[in-house]
Amino acid sequence: MLFRITRPAASTLSSNLKRPLTLTKHVRPFATVDGNTPRLQPTPPRTRATPISHDRATFTIRDGPVFNGKSFGAKTNISGEAVFTTSLVGYPESLTDPSYRGQILVFTQPLIGNYGIPSAARDENGLLRYFESPNLQAAGVVVADVAEQYSHWTAVKSLGEWCAEEGVPAVSGVDTRAIVTYLREQGSSLARITIGEEYDADQDEAFVDPEQINLVHKVSTKAPFHISSSAGDAHIAVIDCGVKENILRSLVGRGASVTAFPYDYPIHKVAHHFDGVFISNGPGDPTHCQDTVYHLRKLMESSQVPIMGICLGHQLLALAAGARTIKLKYGNRAHNIPALDLTTGRCHITSQNHGYAVDTATLPSDWKEYFVNLNDSSNEGIIHKSRPIFGTQFHPEARGGPLDSSYLFDTYLESVGRYKRNQAVFQPKRDSRPSPLLVDLLAKERVGVVPTTGMENLLRMGGAGEQAAAAARAA
């Protein structure tokens, strides 16, 4: 069953220009921190959108096998890092997770798309209900079988329609078991998706390695934005490295207003205005974020503010502490990975999406390992021995996945509350709540983030692979 994308007719400017201009005096009430005033953000033009392509499609792993299938997304060629997820459900959340930026996501679940794609509805805090960011973040999608007919009460379009609208190519009809077997044996590999063309081995040099690009710069907000909470008076500074919507929801829902900053913002200069600092998830190699690491190191040297990091934020916290990170062979991307809490001996089933890990052998003496992966023994968390600072490699907020470890947000906000009370003793007049003017002026969602275009379609630059990568790094 095929679905047709319809576009509303464009309105003409001439009719609007003929209308008389009327100036109306508006009485504006005082701003308040009790809620979020809806504010429309400029929407980037969807020049990436294409009709759904059902052409021949080729999925090529560099120096590896070639898989022929059928396209069901955008008609465009892309390059990226091929990774796989064993998640059974949650493909809308996974594909909108900024941590997948620059990657071609291979699903091991045989059938994908059977419950369609939901709307971009927002909740009472202005956060997306069903997505983890406003746009599809993965560079490409590879599945064994796609459901063109979908059924779910939240669905408004098919997976193929969504990929075409977002300009992301998608391939079905390939042996994903063979792909995953190769990736597990050889490790995450560079790959590309070619629509409607025959494979040409001479173009292997056109593969672009997203690990050589600062992907965090592409997904991080370019200006601060704010989300108010009416459930409490805590105020958290979030370092946005590609923050998921449900991380923000997990903080706001527990009574913390959130002001998110660009990833390279000098947070140590403003931390005294906040009750806590939070470092979000994000894509790529953490060593690209040297400015963030420097600012976090200065923050820990100059402030006692509670700090929590998730995924990439956890890795950046470790780098700031003086540890090192390592690249995993094929990473951990699933919703059912066991992580052992070394402080309690309890095991939690966790949601994960990462290709790097902290090398615990390099942790300074005032830090210790918090969680460990029971599948591959890689690090899943670190914690300071005497200060309220910790990080987790897995995702306590899930979306998708289990909520076994969501209590860690409560643990963090308990330390935030203690810090806030202690500060009140020494500074009785201290008020960390955002000012009404700040709430009114700041945007209510991430600012200036350009949607993915499959590594910016660098394959169009032909065989100049190294030049393309250099240009992307300089962007």
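These legends describe close-up views of a predicted model of one protein chain.

Residues are numbered from 1 along each chain as its sequence is written. In this predicted model, local features need pLDDT of at least 70 and side-chain atom pairs count only at pLDDT 80 or more, while totals for chains, interfaces and linings use all residues, and side-chain values use heavy atoms, with hydrogens and water left out.

**View 1. Overview of the protein chain.** The protein chain contains 11 helices and 21 strands; helices (H or I, at least four residues) and strands (E, at least two) are DSSP runs, numbered from the N terminus. Of its 475 residues, 57% count as buried, where buried means under 20% relative accessible area, exposed over 50%, and partly exposed in between (1.4 Å probe, protein chains only). Contact means heavy atoms within 4.5 Å. Among contacts with a separation of 6 or more, 76% are between residues 24 or more positions apart.

**View 2. The closed barrel.** Seen here is a closed barrel of 7 strands in the order β1-β2-β10-β7-β4-β3-β11, with mixed pairing. Its neighbouring strands are turned by 35° against each other on average, direction ignored; axes are lines fitted to C-alpha atoms, for helices over the stretch in contact, and angles run from 0 to 180 degrees between N-to-C directions. Helix α4 (residues 176–186) packs on this sheet and touches β1, β2, β3 (78–85), β4 (103–107), β7 and β11. The direction of α4 makes about 90° with that of β3. Two strands pair if DSSP finds at least two bridges between them. Strands β7 (residues 140–142) and β10 (residues 170–172) pair in the parallel sense over 2 bridges, and V142 stands opposite V171 in β10.

**View 3. Strand β1 and its two partners.** Strand β1 (residues 56–61) is largely enclosed by the rest of the structure, because 5 of its 6 residues are buried. With strand β2 (residues 66–71), β1 pairs in the antiparallel sense over 5 bridges; A57 has G69 of β2 as its bridge partner. These two strands form a hairpin with 4 residues between them, and D63 in the turn has a positive phi of about 55°. Strand β11 (residues 189–195) also pairs with β1 in the antiparallel sense, over 5 bridges, with I61 opposite A191.

**View 4. Helix α3 and the residue after it.** Helix α3 (residues 159–166) is mostly covered, with 8 of its 8 residues buried. They are L159, G160, E161, W162, C163, A164, E165 and E166. G167, just after α3, takes a positive phi of about 75°.

**View 5. The open sheet.** This sheet of 10 strands is open, with the order β12-β14-β13-β15-β16-β21-β20-β19-β17-β18 and mixed pairing. At its edges are β12 and β18 (347–359), each pairing on one side only. The average turn between neighbouring strands is 20°, direction ignored. Strand β17 (residues 324–341) runs antiparallel to β18, joined by 11 bridges; one facing pair is I337 and T350.

**View 6. Helix α6 on the open sheet.** Helix α6 (residues 245–252) lies across β12, β13, β14, β15 and β16, running at about 145° to β14. Of its 8 residues, 8 are buried: E245, N246, I247, L248, R249, S250, L251 and V252. The elements they pack against include β13 (234–240), β14 (256–262) and α9 (407–426).

**View 7. Helices α7 and α8.** Two packed helices are described by the angle between their axes and the distance between the axes. Helix α7 (residues 290–302) packs on helix α8 (residues 312–321) at an angle of about 65°, with the axes 8 Å apart. On the α7 side, T292, V293, L296, R297 and M300 meet L316, L317, L319, A320 and A321 of α8. The residues of this contact divide into 8 nonpolar, 1 polar and 1 charged; Ala, Val, Leu, Ile, Met, Phe, Trp, Tyr, Cys and Pro count as nonpolar, Asp, Glu, Lys and Arg as charged, and the others, Gly among them, as polar.

**View 8. Nonpolar cores.** A nonpolar core is a set of buried Ala, Val, Leu, Ile, Met, Phe, Trp, Tyr and Cys residues joined through side-chain atoms within 4.5 Å. The largest has 33 residues, and V277, I307 and L316 have the most contacts inside it. The elements giving two or more residues to this core are β13, β15, α7 and α8, with the largest share, 7 residues, coming from α8. Leaving aside neighbours within four places in sequence, the contacts of V277 include A237, I239, L299, I307 and Y412. A second, separate core of 30 residues includes A234, V252, V258 and F278.
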